[in-house]
Amino acid sequence: MSDSSLNLRRLFSFPDPVAATPPSNQWQEFQSRLGREIKTIKWLAPMPDLVSKVGELFNVELPDLLVLSWKKARQLQEALEESRRSPEQVIVLDLAEHAITNEYHPYIEIRIAGMPLPKKIEFTVELLTRLKGIILKIQAGTITEIQAGSCDFEGKVKYQDLTIADKKLDRPIEFRSLPTFKKQIASDVQ
């Protein structure tokens, strides 16, 4: 699997609302639970398709998640700081082999006039990525390119106590090069 636009929705194989393939049993159970939960809401307009909105929550690119994790690393913070002091210089940072474990809590919040509190539909996303041979190019306080490397991926998405997606890739994701990866994270470096 090699793709510079790989997002969580695709990694977890969430069903495409327009696809003909039937959703998994877990996804059907999730839809059923969500349906029961939102029946209690008095909608002022036609009810939106919340299941498709859930899919949109997971249109997050894998490289974006990696950058969020990397920006906490001391070695990367030092390289970003150095690159800010010498913006014309390109710094190459070899991240070697490392694992990143993260937990995210994306949610959809429903706010309707007259409802005292918004209704929150929250998910728990647990990710483990093992990265090998990743090289970052840094210039002027910005990661400008991710070169080479590979990534083993496994993760789980839960809604309440129901696991709606559980994935472990059979083979690593190969990163060739992700140029123009202009994520300004230097401003977050303390």
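How many bridges join strand β5 to strand β6? In this predicted model, six bridges link β5 (residues 150-159) with β6 (residues 162-168). The two strands run antiparallel. One pairing places K158 opposite T163, its bridge partner in β6. Two residues lie between the strands of this hairpin. There, Q160 adopts a positive phi near 55°.

The hairpin belongs to a protein with five helices and eight strands. The order of elements from the N terminus is α-α-α-α-α-β-β-β-β-β-β-β-β. The protein has 190 residues, and 39% of them are buried. Contacts that span a long stretch of sequence are frequent in the count. Among contacts between residues at least 6 apart in sequence, 71% join residues at least 24 apart.

The packing of two helices was examined next. Two packed helices are described by the angle between their axes and the distance between the axes. Helix α2 covers residues 25-38, and helix α3 covers residues 50-57. Their axes lie 10 Å apart and meet at an angle of about 120°. Because angles of 65 to 115 degrees count as roughly perpendicular and those over 145 as roughly antiparallel, α2 is classed as oblique to α3. The crossing of α2 and α3 is right-handed. On the α2 side, the contact is made by W27, F30, Q31, L34 and I38. On the α3 side, L50, V51 and V54 take part. By class, seven residues in the contact of α2 with α3 are nonpolar and one is polar. No charged residue contributes to this contact.

Helix α4 (residues 62-70) was assessed for burial. Seven of its nine residues are buried, so α4 is largely enclosed by the rest of the structure. The buried set comprises L62, P63, L65, L66, V67, S69 and W70.

Strand β3 spans residues 119-139 and includes K137. Is K137 buried or partly exposed? The relative accessibility of K137 is 25%, so K137 counts as partly exposed. The cut-off for burial is under 20% relative accessible area. Leaving aside residues up to four places away in sequence, K137 touches V90, I91 and V92. K137 also touches T142, I143, T144, E145 and Q147. Strand β4 covers residues 142-147. A further spatial relation links K137 to A79. These two residues are 58 residues apart along the chain. Their C-alpha atoms are separated by 9.9 Å.

Backbone angles drew attention to two loops. Most residues other than glycine have a negative phi. S13 has a positive phi, near 55°, and is not a glycine. S13 sits in the loop between α1 (8-11) and α2. With a relative accessible area of 45%, S13 is partly exposed. A140 also has a positive phi near 55° in a residue other than glycine. The loop between β3 and β4 holds A140. A140 is partly exposed, with a relative accessible area of 37%.

Notes:
Residues are numbered from 1 along each chain as its sequence is written. This is a predicted model: local features need pLDDT of at least 70, side-chain atom pairs count only at pLDDT 80 or more; totals for chains, interfaces and linings use all residues. Side-chain values use heavy atoms; hydrogens and water are left out. Buried means under 20% relative accessible area, exposed over 50%, partly exposed in between (1.4 Å probe, protein chains only). Helices (H or I, at least four residues) and strands (E, at least two) are DSSP runs, numbered from the N terminus. Contact means heavy atoms within 4.5 Å. Axes are lines fitted to C-alpha atoms, for helices over the stretch in contact, and angles run from 0 to 180 degrees between N-to-C directions. Angles under 35 degrees count as roughly parallel, over 145 as roughly antiparallel, 65 to 115 as roughly perpendicular and the rest as oblique. A crossing is left-handed if the near helix is turned anticlockwise from the far one by less than a right angle, and right-handed if clockwise. Ala, Val, Leu, Ile, Met, Phe, Trp, Tyr, Cys and Pro count as nonpolar, Asp, Glu, Lys and Arg as charged, and the others, Gly among them, as polar. Two strands pair if DSSP finds at least two bridges between them.
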